[in-house]
Amino acid sequence: MRRTIDWADGAVVIIDQTALPGEYRLLELRTVGELVDAIKRLAVRGAPALGAAGALGVALAARLGGDVAADAELIAHARPTAVNLAWGARRALAKLDQGPDAVLAEARALLTEDEELNKTASAHAAEIVLAECPRRPLRLLSHCNAGHLATVGWGSALGVVWHLHERGLVEEVLVDETRPLLQGARLTAWELAQAGVPHRVQPDSAAAAAMARGMVDCVLVGADRIAANGDVANKIGTYGLALAARHHGVPFVVVAPSSTVDERLADGTGITIEERDARELTEYAGVPVAPPGTEVFNPAFDVTPFGLITAVVTERGRLAP
Ligand code: MRU
């Protein structure tokens with residue numbers, strides 16, 4: 001599969017994640033405004049892919065000229081929760097005094113690293129899953145999309161599935177559909193189908209029942225920000241999954257590149273949680289599904305305390321708080 005996000009002919013090129021699974025199309029982003037809009041609309045999404053978007057966005061800004069530092073701020077703040085976005089933008093901006101080519105070279109290096117680090121992190125996590133879960137083959141539960149599409153390539157939590165599937169060790173992946181934007185049903189199920197991994201989509205609200213019925217050997221999720229004490233911000237619903245997993249004695253494993261670790265934050269209470277447009281809940285594909293004027297609570301992420309997590313795994317192995 002091609003990279004989720006890359007640089008070609010003076011533009012940032014992304015796989016448009018709003019169009020999948022119906023249509024596989026590429027978008028060429030030629031201005032900082034287009035890039036920021038693509039991030040806000042989730043045309044490019046997932047913490048590691050956002051890190052790449054941050055860096056390539058600054059490379060684009062540097063090439064176009066203008067107030068690159070102000071553009072970098074705009075990009076870094078397009079979404080607030082995944083720390084990778086600001087990290088990627090900062091890393092590229094640090095090369096600005098060496099000129100636009102140096103900024104682009106740094107962004108390109110970040111892209112290559114992202115693929116490698118996710119592959120390594122998910123290989124470590126696969127070994128931990130095998131050690132924690134005696135049953136073979138494994139029945140895994142995934143939330144949101146932490147696959148190829150959420151990274152430059154390969155994936156974090158879904159990367160574990162690729163490693164285990166290569167060894168014939170996956171019986172099934174239960175895919176949380178991931179309300180309200182359906183990253184699980186639209187993107188994770190698409191990736192699993194492409195790779196020929198047996199899977200079923202379930203409503204998020206079925207996850208605890210699946211664990212109660214003994215259908216899940218391990219929960220695998222990615223992360224948007226990891227605080228110094230190991231608390232993890234990830235897609236809304238992750239905290240509930242961790243509570244259910246603890247109740248049922250199911251291992252709960254978080255996989256992310258270390259660019260997702262925010263050591264400046266002592267714990268998860270300091271993580272800014274993005275709240276999204278009410279229409280994501282009050283409408284479905286443009287059709288109203290709630291009475292006009294209904295108020296909503298629509299956080300895009302939640303924070304899972306480290307105490308509920310079996311292991312937080314990066315390319316360096318299992319993290320200690
Ligand atoms: O709102 P999204 O789709 O950007 O949320 C993505 C997630 O929550 C992922 O689980 C996380 O970024 C990890 S992706 C490897």
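This passage describes the pockets, the ligand surroundings and some backbone features of a predicted model. Local features need pLDDT of at least 70, and side-chain atom pairs count only at pLDDT 80 or more, whereas totals for chains, interfaces and linings use all residues. Residues are numbered from 1 along each chain as its sequence is written, and side-chain values use heavy atoms, with hydrogens and water left out.

The ligand was examined with its neighbours. It is surrounded by 18 residues (a residue is near if one of its heavy atoms lies within 4 Å). The closest are Arg-45, Arg-79, Asp-224, Asn-234 and Lys-235. Polar contacts are pairs of N or O atoms within 3.5 Å. The side chain of Asn-234 places an N or O atom 2.6 Å from a ligand oxygen. For Lys-235, a polar side-chain atom lies 2.7 Å from an oxygen atom of the ligand. For Gln-183, the corresponding side-chain distance to a ligand oxygen is 2.9 Å. The protein covers 100% of the 420 Å² of accessible area that the ligand has on its own (Shrake-Rupley method, 1.4 Å probe).

Pockets were sought on a 1 Å grid over the protein atoms alone, as open sets of points where a 1.4 Å probe fits, with protein on both sides within 12 Å along at least five of seven lines; lining residues have an atom within 4 Å of a point. A volume is the space filled by probe spheres set on the points, which are joined across faces, edges and corners.

The largest pocket has a volume of about 320 Å³. Its lining includes Pro-180, Arg-186, Asp-277 and Gly-286. Two elements, α10 (279–282) and β12 (283–284), give two or more residues each to this lining (DSSP runs: helices, H or I, at least four residues; strands, E, at least two; numbered from the N terminus).

The second largest pocket has a volume of about 270 Å³. It is lined by 16 residues. Ala-76, His-77, Ala-86, Arg-90 and Arg-225 lie nearest its centre. Helix α4 (83–93) supplies at least two lining residues, as does α3 (68–76). The largest share, six residues, comes from α4. Domain 1 (5–113) and domain 2 (128–318) each contribute at least three residues, with bounds from an automatic or database domain assignment.

The backbone contains two cis peptide bonds described here. One joins Leu-20 and Pro-21, with omega about 5 degrees. Pro-21 sits in the loop between β2 (11–15) and β3 (26–29). The other runs from Arg-136 to Pro-137, with omega near -10 degrees. Pro-137 is in the loop between α5 (100–132) and β4 (138–142).

Notes:
A polar contact is a pair of N or O atoms within 3.5 Å; within protein, one must be able to donate a hydrogen and the other to accept it, and residues adjacent in sequence count only if both atoms are side-chain atoms.
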